[in-house]
Amino acid sequence: MKIAYFDCIAGASGDMILGALVDAGLPLETLRERLSALRLADFELRARRVAKNAFAATKVDVVVADDVPERRLADIEAIVMDSDLAPAIKERAVAIFRRMGKAEAHIHGTTMADVHLHELGGVDTIVDVVGALVGLDELGVEQVVVSPIPLGRGVIRGAHGQIPLPAPATVSLLKGAPIVGSPLEMETVTPTGAALLTSLASSFGPIPAMTLEALGYGAGSRDLPIPNVIRLLIGESTPALKHQAMHHHPHPHEHGHEHPHDHEHDHEHPHHHDQEEHDHEHPHEHPHEHDHPHHHDHEHDHEHSHTFQPPSTVYRLPSTSPITTLSVLETNIDDLNPEIYEYVMGKLFEAGALDVYLAPIQMKKNRPAILLRVLCRPDDVPAMTAILFAETTTLGIREQTVTRHALPRVIEHVDTPYGPVHVKVAELPDGTTKRAPEYEDCRRLAEEHGVPLREVYWAASKI
């Protein structure tokens with residue numbers, strides 16, 4: 001999968017995004033040709049090389065001879081829908097403009113049908129939005145990841161007079177995205193830049209794992225104390241290695257129960273706790289998560305027909321970035337029936353939680369209580385908070401962003417005197433490994449053979 005990562009060094013605007021795409025290899029003539037499908041005759045697309053604090057970058061300008069002072073959302077939608085653009089591009093462009101219209105309508109206390117898009121209704125904005133979409137399409141980008149977005153402060157003049165920065169429309173469009181303060185007293189992110197990045201991004205955070213293929217810098221207009229650029233990295237994501245085992249085994253070991261890996265899932269199982277990560281610290285301070293390899297964390301390319309795999313069979317877990325930005329939600333609860341916690345945890349895991357755990361605490365007036373913590377992906381925060389508010393007695397939830405460091409790992413199928421066991425093997429930076437036999441496999445075999453559980457663990461670990 002081809003990934004594009006937008007690194008918002010100074011900020012983002014529509015023309016900066018176009019500049020980064022051109023700088024990364026999108027031919028300007030190709031972009032012009034694709035934009036001609038809009039059938040708008042009153043603009044010209046220009047590009048030039050510039051230097052921003054010694055960084056070579058591409059500055060794209062949309063030169064407009066448009067005398068329409070403002071447009072309504074319906075006018076912009078008509079331009080897009082009546083164009084010769086591909087249906088998928090039309091759909092995405094209209095969705096972005098509707099987000100912009102909704103933000104403006106909310107700010108001005110009117111409806112989307114009645115809102116007047118002043119600066120956002122210009123031909124340059126239409127070209128910026130459609131140009132970004134066709135540019136990514138032309139470069140074959142399938143997924144977009146965006147860095148935290150830096151916001152400057154100050155005041156600018158708009159159609160309605162003085163506007164505080166960040167602009168209200170920008171702030172509205174950035175809901176749900178990670179933002180950071182910028183020392184720059186200026187508009188670092190425009191509404192168009194905010195709308196594009198938040199509409200295109202599948203996630204926000206650090207640079208994802210990829211094989212880098214192209215690099216581009218898109219320049220802003222001003223010269224600043226820092227390089228006024230947005231950086232674009234494009235590459236192939238690091239793929240999950242496919243199943244490496246032989247499809248035919250000379251001496252299969254038949255067993256009568258269902259193989260625990262004959263299906264695949266993309267989430268983690270809520271009920272078994274074979275931890276991938278532990279820092280052995282107090283749970284109040286260091287969130288951790290559990291992994292459950294025999295249920296959900298790897299892929300199969302074929303059916304196993306309930307046949308045991310030899311020790312050399314290895315499955316790679318789905319590829320993830322070694323450093324991932326996650327969200328932690330927590331709340332203190334002192335008046336919930338303890339029987340309900342298991343149900344709540346199940347609901348949270350079903351909704352995509354990576355980990356849920358409880359810790360006893362003492363609240364004010366020395367009341368015993370429970371600290372409930374949820375580790376999840378940032379996109380899942382709304383679903384998690386909805387469950388916590390609906391299923392518990394809490395009146396407030398705290399949220400914080402954390403960085404998770406994960407080791408690459410594989411699942412090995414090993415044979416023991418008692419039967420097959422799946423073993424998770426994690427690789428440390430120095431090349432050494434640590435192994436963790438799957439609890440459910442070991443428990444089942446211990447019960448079947450009437451031997452101590454630790455004996456099965458020992459047999460699986462020594463191979």
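Me: Why is Tyr-217 called buried?
Reply: Its relative accessible area comes to 12%, and the cut-off for buried is under 20%, so Tyr-217 falls on the buried side. Bear in mind that this is a predicted model.

Me: Tyr-217 sits in an aromatic pair with Phe-55; what makes that pair tilted?
Reply: The angle between the planes of Phe-55 and Tyr-217 is 55°. Stacked needs under 30 degrees and edge-to-face needs over 60, so 55° leaves tilted for this pair. The centres lie 5.5 Å apart, and the limit for pairing is 6.5 Å. The structure holds one aromatic pair, and this is it.

Me: Which parts of the chain does the aromatic pair tie together?
Reply: Phe-55 belongs to strand E3 (residues 55-64) and Tyr-217 to strand E12 (residues 210-219), so the pair joins parts 162 residues apart in sequence.

Me: And what about Phe-55: buried, exposed or partly exposed?
Reply: Phe-55 has a relative accessible area of 34%. Buried stops at 20% and exposed starts over 50%, so Phe-55 is partly exposed.

Me: How do you know that Asp-137 and Arg-34 form a salt bridge?
Reply: The closest N and O atoms of Asp-137 and Arg-34 are 2.9 Å apart, and the rule asks for a side-chain nitrogen of Lys or Arg within 4 Å of a carboxyl oxygen of Asp or Glu. The pair therefore passes. Asp-137 is in helix H5 (residues 123-138) and Arg-34 in helix H2 (residues 28-35), with these positions 103 residues apart in sequence, so to speak a link of distant parts of the chain.

Me: What makes Arg-34 partly exposed?
Reply: Arg-34 has 24% relative accessibility, and buried means under 20%, so partly exposed is the label for Arg-34. Its partner Asp-137, at 43%, gets that label too.

Me: How do you know that Glu-44 and Arg-46 form a salt bridge?
Reply: Their closest N and O atoms are 3.2 Å apart, and the limit is 4 Å, so the pair counts. Glu-44 is partly exposed at 40%, and Arg-46 is partly exposed at 41%.

Me: What about the salt bridge of Asp-61 and Lys-59: what is the distance, N to O?
Reply: For Asp-61 and Lys-59 the value is 2.7 Å, which fits the 4 Å limit. Lys-59 is buried, with a relative accessible area of 3%, whereas Asp-61 is partly exposed at 23%. Both residues belong to a network of salt bridges that also takes in Asp-15 and Arg-48. Across the structure the count comes to 22 salt bridges.

Me: Why is helix H1 called mostly covered?
Reply: Ten of the ten residues of H1 (residues 14-23) are buried. Among them are Asp-15, Met-16, Ile-17 and Leu-18. Just after H1, Gly-25 takes a positive phi of about 125°.

Me: What makes helix H7 mostly covered?
Reply: In H7 (residues 191-200), nine of the ten residues are buried, including Pro-191, Thr-192, Leu-196 and Leu-200.

Me: Why is Ser-182 called buried?
Reply: Ser-182 has 15% relative accessibility against a cut-off of under 20%, so it counts as buried. Ser-182 lies in the loop between strand E10 (179-181) and H7, and it touches Pro-150, Leu-151, Gly-152 and Thr-188, leaving aside residues up to four places away in sequence. A polar atom of the Ser-182 side chain lies 3.2 Å from the backbone nitrogen of Leu-184.

Me: What makes Leu-224 buried?
Reply: Leu-224 has a relative accessible area of 13%, and buried means under 20%, so Leu-224 is buried. Leu-224 is in the loop between E12 and strand E13 (229-237). By the same kind of contact list, leaving out residues up to four places away in sequence, Leu-224 touches Asn-53, Leu-184 and Met-186. Leu-224 and Leu-184 are 40 residues apart in sequence, with C-alpha atoms 8.4 Å apart in space.

Me: How many disulfides does the count come to?
Reply: Zero; a pair of cysteine sulfur atoms would have to lie within 2.5 Å. As for the cysteines, Cys-8 is buried at 5% and Cys-442 is buried at 0%.

Notes:
Residues are numbered from 1 along each chain as its sequence is written. This is a predicted model: local features need pLDDT of at least 70, side-chain atom pairs count only at pLDDT 80 or more; totals for chains, interfaces and linings use all residues. Side-chain values use heavy atoms; hydrogens and water are left out. Helices (H or I, at least four residues) and strands (E, at least two) are DSSP runs, numbered from the N terminus. Buried means under 20% relative accessible area, exposed over 50%, partly exposed in between (1.4 Å probe, protein chains only). A polar contact is a pair of N or O atoms within 3.5 Å; within protein, one must be able to donate a hydrogen and the other to accept it, and residues adjacent in sequence count only if both atoms are side-chain atoms. Contact means heavy atoms within 4.5 Å. Rings of Phe, Tyr and Trp (its six-membered ring) pair if their centres lie within 6.5 Å; planes under 30 degrees apart count as stacked, over 60 as edge-to-face and the rest as tilted.
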